[in-house]
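Opening a fresh page for this one. I want to go through the sheets, the helices lying on them, the aromatic pairs and the cavities.

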Amino acid sequence: MVTKKITSLQHPLVNHWIQLRLERTYREETQRVLVVGEKMARELPVDTLIALEPSSQIKVQETYLVTEPILKKITGLHQPDGFAAELALPEPQDLRAKKSLLILDQIADPGNLGTLLRTALALNWEGVIVTPGTVDLFNDKALRAAKGAHFHLPYARLTTEEISQFN
């Protein structure tokens, strides 16, 4: 494991992580996503850990130790718990063979979307379909509300016409 320190708010990686949190197109271009919090950093297959202090309990390829102002800027939170992480953005999947699917049509609130994903996972649904007009699945608020459900449920982005052709 490689550990490096970042002390500048203008460091290119700080800007990269902020873009991952804020910009859907950037996430899709890089196929990366930023998650916030120790719980998600421990439970998900993270590549890069961003932390205030080293953690031997979270296994990653590289760790960046940052200052509190940097972590606040990266996470967008006033009181982050000391951890953020970067990992691969999950790919959409073909859900036609699945029986119990949650279809999210034009959900505008990212907190509600996250709560619905968390509930679908708890109820053992097999996947989630989002239609155009639905808030981005990997919006930072949706990620926090879902508490990692995004990474345990397969998803697809489909139009209502495509969904109606399911058998």
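At what angle to S6 does helix H5 run, and which strands does helix H5 lie across? I looked this up straight away: H5, residues 110-122, lies across S6 and S7 and runs at about 170° to S6. Note to self: I'm working on a predicted model here.

**Entry: the sheet under H5**

I checked the strand order next. Three strands make an open sheet, ordered S6-S7-S8, with parallel pairing. I find S6 (101-104) and S8 (155-157) at the edges; each has a single partner strand, so one side of each has no neighbour in the sheet. From one strand to the next, the twist averages 20°.

Then I went down to the bridges. S6 pairs with S7 (residues 127-130) in the parallel sense, over four bridges. Leucine 104 is the residue I looked up there, and it stands opposite valine 130 in S7.

**Entry: the five-stranded sheet**

Back to the other sheet. This one is open too, with five strands in the order S1-S4-S3-S5-S2, and I note that the pairing is mixed. Why do S1 and S2 each have one side left without a neighbour in the sheet? S1 (2-6) and S2 (32-36) stand at the edges with a single partner strand each, so that side stays free of a sheet neighbour. Direction ignored, neighbouring strands in this sheet are turned by 20° against each other on average.

I also pulled up one strand pair. S3 (residues 48-51) and S4 (residues 62-66) run parallel and are joined by four bridges. Isoleucine 50 has tyrosine 64 in S4 as its bridge partner.

For the helix, I looked at H1, residues 12-22. H1 lies across S1, S2, S3, S4 and S5 (83-88), and it runs at about 90° to S2.

**Entry: aromatic pairs**

Ring search done: the count comes to three aromatic pairs. I opened up one of them, tryptophan 17 with tyrosine 64: the ring centres are 5.4 Å apart and the planes sit at 65°, so I log the pair as edge-to-face. Tryptophan 17 is in helix H1 and tyrosine 64 in strand S4, so the pair ties together parts 47 residues apart in sequence. Tyrosine 64 is also the bridge partner of isoleucine 50, so to speak an old acquaintance on this page.

**Entry: cavities**

Last lookup. How many cavities of 30 Å³ or more does a search of the whole structure find? I get three. The largest has a volume of about 40 Å³. Its lining is Leu117, Val128, Leu137, Phe138, His150, Leu153 and Tyr155. Sorted by class, that makes six nonpolar residues, one polar and no charged ones.

Definitions and conventions: Residues numbered from 1 in each chain as written. Predicted model: local features only at pLDDT ≥ 70, side-chain atom pairs only at ≥ 80, totals over all residues. Heavy atoms only, no water. 1 Å grid on protein atoms, 1.4 Å probe; cavity = no way out; pocket = protein on both sides within 12 Å on 5 of 7 lines; lining within 4 Å. Points joined across faces, edges and corners; volume = space filled by probe spheres on them. Nonpolar A, V, L, I, M, F, W, Y, C, P; charged D, E, K, R; others polar. Pairing = 2+ DSSP bridges. Helix = DSSP H or I, 4+ residues; strand = E, 2+ residues; numbered from the N terminus. Axes fitted to C-alpha atoms, helices over the stretch in contact; angles between N-to-C directions. Contact = heavy atoms within 4.5 Å. Phe/Tyr/Trp six-rings, centres within 6.5 Å; stacked < 30°, edge-to-face > 60°.
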